[in-house]
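Please open the model in your viewer and keep the sequence panel beside it. The stops below are meant to be followed in order, with a selection to make at each one.

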Amino acid sequence: MSIRVTHTHGEAVTVAAEDGTEILRYVYRPDPDPFESRKPYAHPVRTLAGRTVTGYRPNDHRWHKGLQMTASHLSGQNFWGGNSYVHGRGYLALPERVGSMRHEGFSAFTAGDDRLDCAEDLTWVANGGAEWAREERGLSVHSVDEEAGAWVLDWSIRLTNLRDTALEFGSPTTAGREMAGYTGLQWRGPRDFTGGTVSSPDSDAGAADLMGTQGPWLAFTAEHDEHDGHSTLVFAHAPENLDERSAVHPSHWFVRAEPIPSVAFSWAFFEEFALPPGGSFAYRYRIVVADGAWDRDRVGAHLAGVPW
């Protein structure tokens, strides 16, 4: 199935399916409020049937914007947005801690009939203007399959420390809040995904039991308001992410279905890690956006059919 890519320079990249359905809008001109951690985001993300599967600025967390790269605790700064968790005091509005991610440009941009591949350069900027890290981000849209009712977004990151001291990555859990280890690439679902079902390759246990676990993929399924039917999102690690010999730090799932729908590929759920001056780390992720309620067998078969 073919796609159509539109680049509105200085603002956003959109991808539409053959029938005109916009399935992805990647906004790299960030929203203006610095407290929401100004950075690129993907919203709306839609299935091939046109069902929206991302939420944007929900009233409970205005800084949740579709699919975003985040870092909730980074050497005392918050590259997630909004309130910062301080042990013993809870969540506090500390705008002086909120950093941003600045789009510098696209070093590569290839739009074909059936896929989009682009490489984006970004700078992570601490509150006050100090440049802390350089990011090379990869985004690919491919495997748009009308028969399967699914398409694939690959998202990669390579981050390099620009400081003369280590960058220390953590999360609310490493700061003292139990089972709240969110950080890294994070998805916020729309309101009607609240209470959705969550599964992994070995379990249909649900979000509460899968919180903080490890595994190659996690699937989130929910029934829509307004439209009849379900949608499923599959969040998958590239094989090297879970290889202890190559991964910078063990990854765990942050996942909630109640009171909000959210999934994050957390790179610092239970333990902090440090990135030395000049050091880099890299991860690759995959998100499958599908119409319908997919069970574990269907998820596994589809992932096996789309090699890395």
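What follows is a walk through a predicted model, one selection at a time.

**Stop one: a lysine in a loop**

Begin by selecting lysine 39, which you will find in the loop between strand 3 (22-27) and strand 4 (41-45). Which side chain of opposite charge is nearest to lysine 39? That side chain belongs to glutamate 36, but it is 8.5 Å away, and lysine 39, although buried, has no salt bridge. Now show the backbone of tryptophan 80 as well, since its oxygen lies 3.0 Å from a polar atom of the lysine 39 side chain. If you then display the surroundings of lysine 39, leaving aside neighbours within four places in sequence, the residues in contact with it are Pro30, Gln68, Met69, Thr70, Phe79, Trp80 and Met101.

**Stop two: two cis peptide bonds**

Move next to proline 44, which is placed in strand 4, and look at the peptide bond that leads into it from histidine 43, which is cis with omega near -5°. Then select proline 259, in the loop between strand 18 (252-256) and strand 19 (262-266), where the bond joining glutamate 258 to proline 259 is likewise cis, with omega about -5°.

**Stop three: two serines with positive phi**

Select serine 75, in the loop between strand 6 (73-74) and strand 7 (84-86), and inspect its backbone, where phi is near 50°, a positive value in a residue other than glycine. Its relative accessibility is 27%, so serine 75 counts as partly exposed. Serine 143 is found in a strand, namely strand 11 (residues 131-145), and has a positive phi of about 50° although it is not a glycine. Serine 143 is partly exposed, because its relative accessible area is 30%.

**Stop four: strand 10 and its partners**

Now colour strand 10 (residues 116-125) together with strand 9 (residues 100-111). Why is strand 10 described as largely enclosed by the rest of the structure? The reason is that seven of its ten residues are buried. Strand 9 and strand 10 run antiparallel and are joined by ten bridges, and they form a hairpin with four residues between them. To see where the two strands face each other, select alanine 111, which stands opposite leucine 116 in strand 10.

Add strand 11 to the selection, as ten bridges also join strand 10 to strand 11, and this pair runs antiparallel. A useful pair to label is tryptophan 124 and its bridge partner in strand 11, alanine 133. Strand 10 and strand 11 form a hairpin with five residues between them, and glycine 128 in the turn has a positive phi of about 105°.

**Stop five: the nonpolar cores**

Keep tryptophan 124 displayed, for it is among the residues that touch the most other members of the largest nonpolar core, a set of 60 residues; the others are Trp151, Trp155, Phe169, Phe220, Phe235 and Trp267. Centre the view on phenylalanine 169, whose contacts, apart from neighbours within four places in sequence, are His73, Leu74, Trp124, Leu159, Trp267, Ala268, Glu272, Phe273, Leu275 and Phe281. Apart from the largest core lies another one, of twelve residues, and you can locate it by selecting some of its members, including Trp217, Val234, Val288 and Ala290.

Key: Residues are numbered from 1 along each chain as its sequence is written. This is a predicted model: local features need pLDDT of at least 70, side-chain atom pairs count only at pLDDT 80 or more; totals for chains, interfaces and linings use all residues. Side-chain values use heavy atoms; hydrogens and water are left out. Buried means under 20% relative accessible area, exposed over 50%, partly exposed in between (1.4 Å probe, protein chains only). Lys and Arg count as positive and Asp and Glu as negative; His and the chain ends are not counted. A salt bridge is a side-chain nitrogen of Lys or Arg within 4 Å of a carboxyl oxygen of Asp or Glu. A polar contact is a pair of N or O atoms within 3.5 Å; within protein, one must be able to donate a hydrogen and the other to accept it, and residues adjacent in sequence count only if both atoms are side-chain atoms. Contact means heavy atoms within 4.5 Å. Two strands pair if DSSP finds at least two bridges between them. A nonpolar core is a set of buried Ala, Val, Leu, Ile, Met, Phe, Trp, Tyr and Cys residues joined through side-chain atoms within 4.5 Å.
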